[in-house]
Structure formats: C-alpha cells, structure tokens
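Here are my notes for someone opening this one for the first time. Have a look at the fold first, then read on.

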Amino acid sequence: MAKFDTVNDASWVLLGKLTFSGTSTVTTSLVDMQGYDALDICILNATVNDAGAAGGHTIKLQEADVTTAASFTDVATTNGVNGAVTVSTTLDTDDDKIAGVLGYIGGKRYVRASGTGTALSDGIVYVMGRRSRGGIAKPPTIVGSATAAT
C-alpha cells in the first residue's frame, strides 16, 4: 500500500535521446542539481542493433560545477549509489527495455550522461533524470528542464 507522496518531492527531466553509430561519443543535456539532494538517471533503450560481444554501447555519468562541456569528468564510484556509474547494453534483444537506473549522490551542480559505442554500435537510447529533495522543501514544478552545455 502506498503511503508517501513522492510526486511533490521530485522533478523529472528528459536529458535527451542518444543516437549511437559506431564509436562516436554522445552526451545528453545537463541536469541542474541546485536545490536537490538526490538524482536517479534512467537509461531506456529504444532500439539496439549490432550489439553482442563485439558491439553494444556503454553509458556513464559525468559531473561538473559549470556548464562548459570540457569541464565534465566521470563520476567516481563513491558518488554512485551502490558504486554503479555505468550501464552497458550488449544484446540486440534489449529493444524497448530499461537498461538500468543509476543513482547520483555526488556534490557537483551539473550531471549528464555520456555514451560510447563500439565499431558495430547502432542504437537509440532515451535518458531521463529524477531529482529529488529531502522531505522539507517542495520543488516548484514536477517537470523540469535540461540545461545545454556551453
């Protein structure tokens, strides 16, 4: 039985759609953590082609205190819930599935997802963020907006 209102303690942000083609690195927009103390990043596979042992893609969390794209560094495992900061997909049958959810507990203001494929990668992935606050302060909106890197 549900007992708590978590809708009003959180804000959802669509960070973007990542299109994998070969080994190019792709990144999402940024989620601004100012005023929030927790972040869950959900990785949703839309289509996955040519994955397998020699293919697929990996998505990792990155963080920075400024919006400059070059300032982002990989999130340390100590700042990922349960030490997880990456999600990999290697099965062609993982279309239309949640690949994973990564929790961020670091202290940087901006967080994004960065993905890299292999030579055979071909796929589309959506990335959503759910940022939340402790039970005292309520967010002004339920749906937030992403910030573009500069």
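1. Let's begin with burial: 40% of the 150 residues in the chain are buried, meaning under 20% relative accessible area with a 1.4 Å probe and protein chains only, while exposed is over 50% and partly exposed lies in between. Bear in mind that this is a predicted model, where local features need pLDDT of at least 70, side-chain atom pairs count only at pLDDT 80 or more, and totals for chains, interfaces and linings use all residues. Residues are numbered from 1 along each chain as its sequence is written, and side-chain values use heavy atoms, with hydrogens and water left out.

2. On secondary structure, you'll find 10 strands and zero helices (DSSP runs numbered from the N terminus: E, at least two residues, for strands; H or I, at least four, for helices).

3. Now the core. The largest nonpolar one has 21 residues, and Leu39, Ile41, Ile43, Ile59 and Val127 have the most contacts inside it. Such a core is a set of buried Ala, Val, Leu, Ile, Met, Phe, Trp, Tyr and Cys residues joined through side-chain atoms within 4.5 Å. Strand S1 gives the most to this core, with four residues.

4. Leu39 is worth clicking on: among the residues it touches (heavy atoms within 4.5 Å) are Val31, Met33, Leu102 and Tyr104, leaving aside residues up to four places away in sequence.

5. Finally, Gly83 sits in the loop between strand S6 (73–74) and strand S7 (86–89). Gly83 is partly exposed, at 31% relative accessible area. Gly83 and Tyr104 are 21 residues apart in sequence and 9.5 Å apart in space, C-alpha to C-alpha.
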